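Grab a coffee and open the viewer: here are a few exercises to work through at the bench. Try each task on your own before you read the solution.

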Amino acid sequence: NIMRNINRQISHALFLIFSLLVITPALATNKPDLMLAKVFDASIDVTQYWVSEKLDGMRARWDGQQLISRGGLLLNAPKWFVQNFPDIVLDGELWIARGGYQKTVSIVRKQHPHIGWQKIKFMIFDLPNHSGTFSDRVSLMQSMAKKSPSPFLKFIDQVQIASHEQLMQRLQLVTDQGGEGLMLHHKSGLYHSGRSFDLLKLKPFADAEAIVTGYRPGKGQFTGKMGAIQVKALDGKSFFIGSGFSHQERDNPPPLGSTISYRYQGFTDSGIPRFAVFLRVRNEP
């Protein structure tokens, strides 16, 4: 019995070790140096930018041999998914459809290649190692789009805009169809890591109201203060909002039963507002 227990413990330990080896995500050799966007400024000359839809996907880098997440993890895409990808560096979004962010992440995060990847497209919007301007890179991407044999590799449409009014009309069209917003690449911009006005993001925020139903205590710098308020939306959905509060508002949070306004960006699969941020207490008489 003692030996049986020892063998069982050894087997259990080996299983745990094997499980950790299997499920621990592999770090890439280098975390990709991504170009990141600044927020759109209405004072810019929009005619100097290429405009594309901002996809609600998962940012990824193809280094010529493998897919890497923005955090530097190797993504376990099936061989058939990347089979006809080119041997050059590509910057893009793993994407299913508008509003499909959570589904995309749940597929990509699995530690073994699986059939779910058939739903995903790798949508390319830049060529990090190309030394030319973004207009030069657009020309090459348009050529690559015509020649690519892969059903999973697509290139995001880039268009030119004649005026600020036209840009706003395009934003309205995209968001009315369930899109997240727009991205603007400066025509003469070169690819480089970090945030730059050569790359801008433009997206609206939806506003809504909810009733305060409870509180969650703060942690860290907010210890002893309110960390988040629990609210019930007009459709009955209950969730927490922990962003957008001043220190004074955390000391004196909106009272129970009060109506607050918040902003958000789309919904989760369960209908909960994503990235909800507190705006104000609706205290009109």
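Keep in mind that this is a predicted model.

**Exercise 1: aromatic pairs**

Task: Find out how many aromatic pairs the structure holds, then work out which parts of the chain the pair of W80 and F152 ties together.

Solution. Start with the count: there are ten aromatic pairs in the structure. Now pick out W80 and F152, whose rings sit 5.4 Å apart centre to centre, with 50 degrees between the planes. Planes under 30 degrees apart would count as stacked and over 60 as edge-to-face, so this pair falls into the tilted class. Next, place the two residues: W80 belongs to helix α2 (residues 79-82), F152 to the loop between α4 (134-147) and β7 (153-155), so the pair ties together parts that are 72 residues apart in sequence.

Then check accessibility. W80 is partly exposed, at a relative accessible area of 34%, while F152 is buried, at 11%. For a second tilted pair, go to Y262 and Y264: 5.7 Å centre to centre and 40 degrees between the planes. Y262 is buried at 3% relative accessible area, and Y264 is buried at 11%.

Last step: follow the ring pairs outward from W80 and F152, and you get a cluster that also includes W62, F81, F85, W117 and F122.

**Exercise 2: the two sides of α5**

Task: Which residues of α5 are buried, and what do they pack against?

Solution. First get the helix itself: α5 covers residues 164-176, 13 residues in total, and spans 18 Å from first C-alpha to last, close to the 18 Å expected. Look for the buried residues and you find L167, L171 and V174. They cover an arc of only 65 degrees around the axis, which puts them on the same side of α5. Flip to the face turned away from that buried side, and the exposed residues there are E165, Q169 and D176.

Now see what the buried residues touch: they pack against β2 (49-54), β9 (181-186) and β10 (194-202). To finish, step past the helix to G178, which follows α5 and has a positive phi, near 95 degrees.

**Exercise 3: an open sheet**

Task: Work out the strand order of the five-stranded open sheet and say which strands stand at its edges.

Solution. Trace the strands across and you read β13-β12-β11-β14-β15, with antiparallel pairing. β13 (238-241) and β15 (277-281) are at the edges with a single partner strand each, so one side of each has no neighbour in the sheet. On average, neighbouring strands here are turned by 45 degrees against each other, direction ignored.

Take the β13 end. Four bridges join β12 (residues 226-233) to β13, and K232 has S238 as its bridge partner in β13. The two strands make a hairpin with four residues between them, and G236 in the turn shows a positive phi of about 95 degrees. Along β13 the side chains alternate: F239 and I241 point to one face and are buried, whereas S238 and F240 point to the other and are not.

Now the β15 end. Strand β14 (residues 259-264) is joined to β15 by four bridges, running antiparallel, and I260 has V281 as its bridge partner. S261 also lies in β14 and is buried, with a relative accessible area of 5%. Among the residues S261 touches are A208, E209, V277 and L279.

Methods:
Residues numbered from 1 in each chain as written. Predicted model: local features only at pLDDT ≥ 70, side-chain atom pairs only at ≥ 80, totals over all residues. Heavy atoms only, no water. Expected span 1.5 Å × (residues − 1). Buried < 20%, exposed > 50% of the residue type's maximum accessible area, 1.4 Å probe, protein only. Arc of directions from axis to C-beta. Contact = heavy atoms within 4.5 Å. Pairing = 2+ DSSP bridges. Axes fitted to C-alpha atoms, helices over the stretch in contact; angles between N-to-C directions. Phe/Tyr/Trp six-rings, centres within 6.5 Å; stacked < 30°, edge-to-face > 60°. Lists of a residue's contacts leave out its neighbours within four places in sequence.
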